[in-house]
2 protein chains.
Amino acid sequence: MLLDIDLSSQEPIYRQIRTQIVSAIATGELSAGDQLPSVRSLAGDLGVNMHTVNKAYAVLRDEGYVVMRGRSGAVIADAARTVPSSKAQEHKVRIASELARLASEFKALGGTRQEFIDLASSQVDTVF
Amino acid sequence: MLLDIDLSSQEPIYRQIRTQIVSAIATGELSAGDQLPSVRSLAGDLGVNMHTVNKAYAVLRDEGYVVMRGRSGAVIADAARTVPSSKAQEHKVRIASELARLASEFKALGGTRQEFIDLASSQVDTVF
DNA sequence: AATCTGTTATATATGTACTATAACAAATAG
DNA sequence: CTATTTGTTATAGTACATATATAACAGATT
């Protein structure tokens, strides 16, 4: 579980951490029950402040991806079962909204419907 | 050309303006040669500062969506011809990257490949 | 009982967003 | 030509998010 943080990115560090952990869950690199490093050790490894990691963990906790277990720290949850359906629904609504926005931009650039679908399909195949 | 600004949104106002104008170009509501309202009048209509609109226009200009013509103000460009191919390429690379991110999140939530493609297809149909 | 966990509190620095006035050069309408 | 309108730039101030830095806390585990 190696995280790649880009300090010069416009995307906040805590967001990069959060997104990369979600990606690791998607790829199966992280599975339900897996233990995440402590906020202090991960912060040390990444060279960032403890609170930056803590914020990423708090977001993951609020989203239902991980659960906190006292001294055992942050543990990956079984998202399909533990992410509240209301939150999962919110996520899917947001994803749908962003898909529409991306399609709109693509069209404004002169792209066709088929080109967009082809692009989406090729990207989907890198994940599933 | 009515813009709907949400002051309580996390998305910056100038970004909302920029995105909605790009969407209007995509839908054909705005076409090459159409004149945008002046930064002052649009700011007045939306109830925001002139510089907020000016920043949105500057972004659209840098992206190649509009051209500035002295007193004629901001005019919609023919994106397919005037957006520099290098910029268009950057846009498409970014769009591909965001598609992969969305697919990854969808999978982390327990969604399947087919469900994601169905969602994407339905959203694409609202644009094209 | 000691230790490690996430959590919370306080403080500071930085960058972005937004507002507010003001003035400028360039293009255009009259 | 002249006055007006355009986007642009400059300066200044407020507000908020991000990230850092110390410090202390309660809870669970070893």
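Let's start with the symmetry: a turn of 180° with a shift of 0.0 Å along the axis lays chain B on chain A with an RMSD of 0.1 Å, where the superposition is by least squares on C-alpha atoms of residues with pLDDT of at least 70 in both copies. The two copies are thus related as by a two-fold rotation axis. Both copies use the same surface, and 100% of the contact residues of chain B recur in chain A; two residues are in contact if their C-beta atoms, placed from the backbone, lie within 7 Å.

A word on how to read what follows. This is a predicted model, in which local features need pLDDT of at least 70 and side-chain atom pairs count only at pLDDT 80 or more, while totals for chains, interfaces and linings use all residues. Residues are numbered from 1 along each chain as its sequence is written, and chains are lettered from A and ligands numbered from 1 in the order in which they are written.

Now take chain A by itself. It has six helices and two strands, running α-α-α-β-β-α-α-α from the N terminus on; helices (H or I, at least four residues) and strands (E, at least two) are DSSP runs, numbered from the N terminus. The C-alpha trace of chain A spans about 55 × 35 × 20 Å along its principal axes. Of its 128 residues, 30% count as buried, that is, with 20 or more other C-beta atoms within 10 Å of their own, C-beta atoms being placed from the backbone. Among contacts in chain A between residues at least 6 apart in sequence, 47% join residues at least 24 apart.

How confident is the predictor here? The average pLDDT of chain A (confidence in each residue, from 0 to 100) is 89, and 94% of the residues score at least 70. Within chain A, helix α4 (residues 79-82) has the lowest confidence, at a mean of 55, and helix α6 (residues 113-124) the highest, at 94.

Next, look at where the chains meet: 35 residues of chain B are in contact with 35 residues of chain A. On the chain B side, α1, α4 (79-82), α5 (85-108) and α6 (113-124) each give two or more residues, and α5(B) has the largest share, with 15 residues. By class, this side of chain B has 23 nonpolar, seven polar and five charged residues; Ala, Val, Leu, Ile, Met, Phe, Trp, Tyr, Cys and Pro count as nonpolar, Asp, Glu, Lys and Arg as charged, and the others, Gly among them, as polar.

The largest nonpolar core has 61 residues, and Ile25(A), Val66(A), Ile25(B) and Val66(B) have the most contacts inside it. Such a core is a set of buried Ala, Val, Leu, Ile, Met, Phe, Trp, Tyr and Cys residues joined through C-beta atoms within 7 Å. α1(B) gives the most to this core, with seven residues.

Finally, turn to the DNA. Around strand C there are 24 residues, of which Gly73(A), Ile13(B), Asn49(B), His51(B) and Gly70(B) come nearest; a residue is near a strand if its C-beta atom, placed from the backbone, lies within 6 Å of it. The surface near strand C takes its largest share, four residues, from α3(A).

DNA strand D is surrounded by 26 residues, and the closest are Ile13(A), Asn49(A), Gly70(A), Ser38(B) and Gly73(B). Here α3(B) gives the most, with five residues.

Note on methods:
Buried ≥ 20, exposed ≤ 12 C-beta atoms within 10 Å, placed from the backbone. pLDDT = per-residue confidence, 0-100.
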